[in-house]
Amino acid sequence: MKRIGVTGHRDIPDELHAHVRAAMQAAFLGHDGVLEALSSLATGADQLFADIALACGAGLVAVIPSGDYEDGFADAAELARYRGLRKRATREVRMAFPHSTDEAYYAAGTYIADHCDRLLAVWDGRPARGLGGTGDIVRYARERGTPVTVIWRAGVERA
């Protein structure tokens with residue numbers, strides 16, 4: 001079984017959406033055998049990745065950072081999309097954190113990096129804005145030797 005994980009920004013600039021989608025789709029093409037996709041299902045890169053993985057026939061593993069994770073979704077539509085993806089997951093892994101904290105997000109991100117064969121990172125190359133951000137997870141994955149594919153375009157700024 002091949003496992004592909006994701007880390008990435010919640011806000012993907014509009015001019016980058018097609019590029020990110022194409023790169024994620026390419027990651028799932030041409031594989032023989034069973035594919036598994038690991039995602040925390042956050043708004044943005046995580047949910048886009050989960051949608052593409054499911055469309056490509058991969059099994060989805062939802063890595064849930066905390067007991068109150070759902071409270072962090074900004075509006076009803078975001079929460080509904082999260083719940084819909086979570087229901088479609090073939091497996092769920094819950095981190096042992098009751099509340100959504102930077103530590104909980106870091107634990108979920110490192111779990112994904114520890115359990116994938118390749119990590120896709122929708123990342124602008126800048127340092128994380130808090131523990132557990134995309135930059136932290138990319139650094140962690142690289143330090144442990146997990147192959148990381150960064151998906152971004154030079155000159156594109158994140159809000």
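## A walk from helix pair to pocket

Start by selecting helix H2 and helix H3 (residues 76–88), which pack at an angle of about 40° with their axes 11 Å apart. Keep in mind as you go that this is a predicted model. Turn the view until one helix sits in front of the other, and you'll find a left-handed crossing of H2 and H3.

Now show side chains. From H2, pick Gln47, Leu48, Ala50, Asp51 and Leu54; from H3, pick Glu78, Arg81, Tyr82, Leu85 and Arg88, the residues they meet. Colour them by class and this contact of H2 with H3 splits into five nonpolar, one polar and four charged residues.

Keep H2 on screen, hide H3 and bring in H1. What angle do you get here? The axes of H1 (residues 17–28) and H2 (residues 45–55) cross at roughly 45° and come within 10 Å. That's why H1 counts as oblique to H2. As for the hand, H1 passes H2 in a right-handed crossing, whereas H2 and H3 cross left-handed.

For the side chains on this face, select Val20, Arg21, Met24, Gln25 and Phe28 in H1, then Ala45, Leu48, Phe49, Ile52 and Ala53 in H2, which they meet. By class, this one comes out as eight nonpolar, one polar and one charged residues. Leave Leu48 highlighted for a moment: this H2 residue is in the contact with H1, and Leu48 is also listed in the contact with H3.

Next, jump along the chain to H4 and H5. Their axes come within 9 Å and cross at roughly 35°, and the crossing is right-handed. On the H4 side, select Tyr106, Gly109, Thr110, Ala113 and Asp114; on the H5 side, take Asp136, Ile137, Tyr140, Ala141 and Arg144. The class count for H4 with H5 is five nonpolar, two polar and three charged residues.

Stay with H4 and H5 and switch on a surface, as the last stop is the largest pocket. How much space lies in it? About 530 Å³. To centre your view, select Gly8, Arg10, Gly132, Gly133 and Thr134, the closest to the pocket's centre of the 25 residues that line it.

Which elements give two or more residues to the lining? Colour strand E1 (2–8), helix H4 (102–114) and helix H5 (134–144) to see them. H4 supplies the largest share, five residues. Finish by colouring the whole lining by class: 10 nonpolar, nine polar and six charged residues.

Conventions:
Residues are numbered from 1 along each chain as its sequence is written. This is a predicted model: local features need pLDDT of at least 70, side-chain atom pairs count only at pLDDT 80 or more; totals for chains, interfaces and linings use all residues. Side-chain values use heavy atoms; hydrogens and water are left out. Axes are lines fitted to C-alpha atoms, for helices over the stretch in contact, and angles run from 0 to 180 degrees between N-to-C directions. Helices (H or I, at least four residues) and strands (E, at least two) are DSSP runs, numbered from the N terminus. Angles under 35 degrees count as roughly parallel, over 145 as roughly antiparallel, 65 to 115 as roughly perpendicular and the rest as oblique. A crossing is left-handed if the near helix is turned anticlockwise from the far one by less than a right angle, and right-handed if clockwise. Contact means heavy atoms within 4.5 Å. Ala, Val, Leu, Ile, Met, Phe, Trp, Tyr, Cys and Pro count as nonpolar, Asp, Glu, Lys and Arg as charged, and the others, Gly among them, as polar. On a 1 Å grid over the protein atoms alone, a cavity is a set of points where a 1.4 Å probe fits but cannot get out, and a pocket is an open set with protein on both sides within 12 Å along at least five of seven lines; lining residues have an atom within 4 Å of a point. Grid points are joined across faces, edges and corners, and a volume is the space filled by probe spheres set on the points.
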